[in-house]
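Hi,

Here is the structure I said I would pass on. Have a look at it first, and my notes follow below.

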Amino acid sequence: MHGRTWASPATQHPSHHAAAAAWAAAGGAGPAHHRTAASAHDGGVAFGLVLGGVHQHHHQHLHHPPPVSWPHLIGVIPREADSFQRRAEADELEAAGCQVLTGMGGVGKTQLAAHHARRAWQAGEADLLLWITATSRQEIVNAYADAAARILYADRADRADPEAAARAFLAWLEPGPASPGPVRWLIVLDDLGDPADLHGLWPPAGPHGRTLVTTRRREASLAGRGQRRVAVGLFSPAEAVGYLTTALAARRRHEPREQLDALARDLGCLPLALAQAAAYLVDTGLDSAAYRRLLADRARAFADMLPDPSGLPDDQTTSAAAAWSLSLDRADQLPPAGWARPMLRLAAVLSPNGIPATVLTALPALAYLAGPQDGQAGPHPLPFGHAVAAERATRALRALHRLSLVDHSPGDPDRTVRVHQLVQRAVRDDLGAAERDRVARVAADALAAAWPTWERDAAQSEILRANAEALREHAPEALYRPDGHHLLILSGDSLGLSGRGAAAVRHFQHVVDTARALLGPDHRLTLDARGHLAGWRGEAGDPAGAAAAFAGLLADRERVLGPGHARTVIARRNVALWRGVAGEAAAQAVVAELADVLERSRRLLGPGHFETLRTWRELADWRGRDGEPEAAVRELSGLLAHARRVLGPDHFYAHALRADLAGWLGEAGHPAGAAAAFAALLADAERLHGPHHSMTLSVRQELAHWRGEAGEWSVAAAELAEALEQTRRLLGPDHPQTLAALADLAYWRARTDDPAGAAEAFAELLTDQLRLLGPRHPETLETRRLVAHWRGNAGDPAAAVAGLAALVPDVESALGPDSADLLRVRTNLAHWRRATGETADATEAAAELADVLVRQRRVMGPDHPDTLSTRHRLALWHGRDGDPAGAAARLADLVRDQARVLGPHHADTLSTRSNLALWRGYAGDARGAADAFAELVPLRRDLLGPDHPTTLRTRFFHGYWLLSAGEAARAAAELADVVERQERVLGPGHDQTAQTRKALAAAEAAQRAGR
């Protein structure tokens, strides 16, 4: 038997003496205080009873059947199913001892046991094979008693005590040392209903016999003491399709492989359902595509799509749904009685692939489980504490698990409960429409209660969304009536926050259409969903569409709710925001509109209302976008102080404001201050949320970025690489935060003298964005610009020109001819056209940049940072075209405007002063250039630190122009210190280090020459 040899009996069957002894040892049929003697007499059996010390003989000549023949089969082995498939579990049944096959009803446990028993019988590996249908203890006892009657020749009159007969049979299975020879036996206990039914009735363990049990139960008592549990699962997809193919082909039916694949998925690869579905296809003449359409019709009961009892295949006597119903009855009787059934009803309207424990133990779920199961609507108070109710709910799940109706995995908090999709369908089919909708609303309440305020775990969020989607599919109208459920908003926003903006748009479009049809166009849910739809439309890359949608919503809000309602104020704010993002309004106009909305909000909603704080935050942000980062810092400082008073210092919104403030502090030219602020915020985020929270990861990324801006380029790259790995692991590769970290890492790779690596990293990011956001999304378009830009910096200006030229019409089409993004792309295109060195390209570049400047002055205003930046670039081109004095004059005018608009110490202002000094030197004023750089050095040192690369670069130019002005000794001293610091900060091989080293050599040579 597959390499295993059972012990053969010394004779073909045990002696009659041994059989009678086994019967006597079991206590016979008399009372326990009787002692029974037995002896052979003239071909019969004489039984003597000792009563009160008097030995009484009663001689009976037993007319028993002829001696049992060996090998001997008792019971009927179920016939092998048509198209039976051998499975891996079959090999596990060859082991010695007791094997317990466990699994849900319909997975094929009986067929596996029958296949094994038939194979062993036909191979001559068993002298006795006993097949028992073990649905109750009485069935087991009766089967053992029948075996005793057949083998031990017990008279039928003595079988009035079947328990004693059963004990005699079990004793006979375990022969003593004086027995003439053992019998090889195999006992199959099929469909064990309750492990307690085998108490005192387990066949003995030993080298000569084997036991095989099939059951849906999974109690601990079924493992141990020589028993080995074998879990029988579903068919694999390949096995399921193979079965369908073979079963249909046997009836001359052939179906496309892709349809069979889909049908196997629809039936959850459950063997019994596949067999009954195949029979139904043959009986009705339907093809698999038509049958799948029936399955998808939720108005049809699953039982109506299976054969009637006369048409069940393979001698089956019941449908899968009926078998599960019996299991549920048993589970509902287990403690806590009456909780298993409503628990399975809740699970039946959620995802089959995993339901978090937090959902099924949320307060709404517990109130439903503990309340009356009479269809009464409304919440019911818990009759006991939350902890007690949660413990009972867990025990109810264990009861369902023990009956194989669910898989309960307490160690997996996100996918604690799994239920086969057909079990769910059968449970839902048993519910009336009103009760199904009631259960669905309870499940929705439980999901909403379990949904985290801040989604920090991508896998958990995906599971919650899958449960919300399953709920919406199983009870499509329950979440809308009698009133719209907030879960519809929660799940849609979660989709968008995960980076799937287009999917969020589709979700909210469906919600809007359904709510409008079921509840009316002016219902709260209809209007709310329109707002979320408009917002995600903008986030998905259609800011103009978002602005138009919010404008329409604003009109309806004012009509339905009035101008002073909070939701009307929100709509007004969002119109202004998206008009600004779409380029339909200049930043200055957006600031003015937001200031007006803020005043309305303070008056109508109150200064402490959350929407008032949000509007104030947006106003501060747009002040920064309007070219006033210092104004943004001032605005955010006041808002943060107010929010701390209203919400508390550790409120998540206060932390978000601190992050905004730190960012604008850096944009205002204080990168070291920004890094310090983010470092302090990181400590608080780790204290409150832990190191792996999404907010903590975001702050860590920002800290790395501003450390880089403060001069720690290598540190920034290293920390961002680590942050990217953590974010990818915790939030997933497609999360917006992961993509942002990838972009930041690419930027700092370029700053650390690896432009080719940066171009490659941005190209990798572009692939993800095209897949997730689409080709017209603003972030996708911006990444295309960066790919082209860094390819140019890597030494391929022609590739940069080609990429940017192709990008211009795409950005113009998506964002409009005057958008800031388009003007930025055109500026880059002009730069790289000039960099090719071709005269025609240089002329075209100058014309391009001049037109950009005209549009920037008109659209953004003359003082916008982008306008000032273009003036800076044009001034430099004048110098490179042979007019250093003209360049210096234009730069001097620009410095005055930047000092007025941005401040004298802003990074852009200082950069222009540096270039002004350079062109003065190139125009012949080396002494003036050296003096100008001497003024800049302490400013750079104070703002950025002594070892910041920009500080060191400024000192390099100071030394260079000292050398040009004839001060070789001072130049050599300055450059020697600079090169030592650059070797330590940037590395000895960096281009700037090499340039300084060359200038130092020239200064030292000039010094030796006495110049």
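Which residues in helix 27 are buried? They are P671, A674, A675, F678, L681, L682, D684 and A685, where buried means under 20% relative accessible area with a 1.4 Å probe, protein chains only. Before I go on: this is a predicted model, so to speak of local features we need pLDDT of at least 70, side-chain atom pairs count only at pLDDT 80 or more, and totals for chains, interfaces and linings use all residues. Residues are numbered from 1 along each chain as its sequence is written, and side-chain values use heavy atoms, with hydrogens and water left out.

Back to helix 27 (helices are DSSP runs of H or I, at least four residues, and strands are runs of E, at least two, numbered from the N terminus). It covers residues 671–689 and reaches 26 Å from first to last C-alpha, close to the 27 Å expected (1.5 Å times one less than its number of residues). The cover over its buried residues includes helix 26 (652–667), helix 28 (694–709) and helix 39 (926–944), with contact meaning heavy atoms within 4.5 Å. After the helix comes G690, with a positive phi near 90°.

On to the holes. On a 1 Å grid over the protein atoms alone, a cavity is a set of points where a 1.4 Å probe fits but cannot get out; a pocket is an open set with protein on both sides within 12 Å along at least five of seven lines, and lining residues have an atom within 4 Å of a point. Points are joined across faces, edges and corners, and a volume is the space filled by probe spheres set on them.

There are 4 cavities of 30 Å³ or more, the largest of about 50 Å³. Its lining is D82, Y243, A247, R251, A275, A278, A279, P313 and D314, with helix 8 (271–284) giving the largest share, 3 residues.

The second largest pocket has a volume of about 1200 Å³. Of its 46 lining residues, T110, Q111, D190, L272 and Q316 lie nearest the centre, and helix 10 gives the most, 6 residues.

As for the whole chain, there are 42 helices and 11 strands, and 51% of the 1011 residues count as buried. The C-alpha atoms fill a box of roughly 140 × 75 × 60 Å along the principal axes.

Cheers

Terms used. Buried means under 20% relative accessible area, exposed over 50%, partly exposed in between (1.4 Å probe, protein chains only).
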